[in-house]
Amino acid sequence: MSALLPLLGPEPDLDAPLAWRDGRPVARRRYLEDAAALAATLPEAGAALPLGADRYRFAVALGAAVQRGHTCLLPPNHTPDSVQRLRGLYPTAYALADATSDAIDLPTWRHVDDVMAHGDARTQPSMPLVDAGHIAACVLTSGSTGTPVPHAKPWGLLVSSARSEASRLAHAMERRDLRGVALVATVPPQHMYGFESTVLIALVEGAAFDAGRPFYPADVARALARVPRPRMLVTTPFHLKAILASGVDLPAADLVLCATAPLAPQVAARAEAAFAAPLLEIYGCTEAGQVATRRTVRGPDWRVFEGLSLEGDGAETTVLGGHVPQPTRLADVLETLDAERFRLLGRSNDLINIAGKRSSLAHLDFHLNAVEGVRDGAFWMPPDEGGDDVVRLVAFVVAPGLAADAIRAALRTRVDAAFVPRRIVHVPELPRDPTGKLPAARLAQFADGLRYAGGDDATRGAGHAA
C-alpha cells in the first residue's frame, strides 16, 4: 500500500500565506477550507479540467480533486478539437470553471464561492492525506500528430520533484528553504512548468504564489512590487526579453527562474542586473518532469537535481532516479559530461541537414534570439514538396529597425554558413502560446498564412522579407 502524504507541507503554519491576491495574503487554512468546500460539490467519479487564469483557484481545484480521488487534466490547450479528444480519452472528464472561464463542451462545475468573500475565522481545518500512488495530474502533450499523449503524475512523485526543485532554488537564494518566498509568474498553472514551479512548491514547500498571471512588463513590475520579499519571478525567455526591452522600472527580486527554451547568456546577464538577483534556468520535459538547472551567466553546463543521474550521450540519453523511477529518454540532443552534468545541443526531433551538415532548429533559434536587436525570432524549414527548387531555411524575426543584412552578419559569427538564412521575414510578432512556446505546427500555419513568396524586401501579407 502506498504511503499517505499531506496536501500541505512541510509542517505548515496554517496562518502563513499560500497565495497573494492584489497584495492581500490568503492563508493556508483558508485554502484547506476552500478546497474542502469545493470537493463536497464534485461528482463521485471523474477527471477535472481546471479552467481560468486564477492561480489560486487552480490550486483549490487541484486540492479538491485529489480529495475526491480525481485526477487533474492538463492538456496543451482547450480548443474544441482538443476537448473532443479529451472526452474520448476520459469519458468522465468535467470542467472546473469560474466566472472568467470560457464555456467548453464538457459538464461544468463552478467554484463554490468567491474565495475572498469569506471571513478570516481561525478555524482548524483537517489536513487531507493523499495516497502517494494517486494520479494527481495527467499532463497531455499534442505530439507530432496532434493526438494527446497522456503522462500520469502520481502525487508522491510530484511531491518528490517539488522538494528537489525547492532545495535547488533555496540554495540559489542562500536560504534553508522556500518558506515565505513570494512567487510571481508569467506562465499559466495549467502548464507543467507553471504547475511545478508555482503551485506545487507553494503547496509542498511553503512558498506563496501571486494569484494572477501578469503579461505586460508594467503589470509584471506591479505584481512583483506588491508582494513582499524574498520574492521570485517565474518566467520564460520570450516574456523576459519583452520585460527587459520595455524600459519599465523593475523592483528588485531575490531570484529569477526561466524555462521553456534556452536563454542567451547576455540576456541572462541583463536580467540579473535589472532585477539585482541571480537567474536560474530549469530544464525538463513532460515525460520526466523537471530535471536540471544552470546559472546561465556561469556557463553552458546543466546540473541534474539530487538523486537523478544520466546515461548515454547524444540523441540517446536517459534520466533515472528520484522522481523519475523508470529510465526515461530525453527528447533532446545532450553532450553528457558525467552522470550529473550535461550540455544541451538541441532537439532530437528537429534536426535538419543542409549541405551534409546537421543542426537543430532549436539550436539555431537560440543563436538568432541572441542577436542584439532581435526581440523574438524563429527558424522555419519549409516542407519539401518534391519540386526542382532547393528548400532553404527561412528566419522570422521581430526586430524593428534591424536590417536583414545585419542579422545575417551576426549569425555568421555564431553558426555555420550553411545555416545562415537567405530569407529573413520581419513580422510584428510570432504566434507563441501563453507559455512562450512556438509549436512547429503553429509556426508552419503562421508561415503558410503569410503566403511568403521569397525575394528580398518584398512585402508579403503580415510581414516582409528582407
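# A walk from P230 to F396

Start at P230, in the loop between helix α6 and strand β13 (helices, H or I of at least four residues, and strands, E of at least two, are DSSP runs numbered from the N terminus). The model is predicted, so local features here need pLDDT of at least 70 and side-chain atom pairs 80 or more, while totals for chains, interfaces and linings use all residues. Residues count from 1 along each chain as its sequence is written, and side-chain values use heavy atoms, without hydrogens or water.

**Stop 1: the cis bond.** Add R229 to the selection. Which way does the peptide bond from R229 to P230 go, cis or trans? The bond is cis, with omega near 0 degrees. Most peptide bonds are trans.

**Stop 2: T260.** Move to the loop between β14 and α8, where T260 sits. T260 is not a glycine, yet its phi is positive, near 100 degrees. Colour T260 as partly exposed, because its relative accessibility is 28% (buried is under 20%, exposed over 50%, partly exposed in between, with a 1.4 Å probe and protein chains only).

**Stop 3: helix α8.** Select residues 265-275, which make up α8. Which residues of α8 are buried? Show V267, A268, A271, E272 and F275 as sticks: these are the buried ones. They share one side of α8, because their arc around the axis is only 140 degrees (taken from the directions from the axis to the C-beta atoms).

Now show what covers the buried residues of α8 by contact (heavy atoms within 4.5 Å). Two helices belong to the cover: α6 (217-225) and α7 (237-246). Strands in the cover include β13 (231-235) and β14 (255-258). Add β15 (279-285) and β16 (289-295) as well. The P230 loop from the start runs between α6 and β13, and both of these elements are in the cover.

**Stop 4: A276.** Step just past the end of α8 to A276. Its place is the loop between α8 and β15. Phi of A276 is positive, near 55 degrees, and the residue is not glycine. Most residues other than glycine have a negative phi. Buried or exposed? A276 is exposed, because its relative accessible area is 57%.

**Stop 5: Y283 and F342.** Follow the chain into β15 and turn on the aromatic rings. The structure holds 9 aromatic pairs (Phe, Tyr or six-membered Trp rings with centres within 6.5 Å; planes under 30 degrees apart are stacked, over 60 edge-to-face, the rest tilted). Pick Y283 and F342: the pair is edge-to-face because the planes stand at 65 degrees, with the centres 5.4 Å apart. Y283 is in strand β15, F342 in strand β22 (residues 341-347). The partners are 59 residues apart, so this pair links distant parts of the chain. Both Y283 and F342 are buried. Add W302 to the view: Y283, W302 and F342 form one aromatic cluster.

**Stop 6: W380 and F396.** Finish with another aromatic pair. W380 and F396 are tilted, at 6.1 Å centre to centre and 40 degrees between the planes. Find W380 in strand β25 (residues 376-380) and F396 in strand β26 (residues 394-398). The two are 16 residues apart, and the pair links distant parts of the chain. W380 counts as buried because its relative accessibility is 16%. F396 counts as buried because its relative accessibility is 0%.
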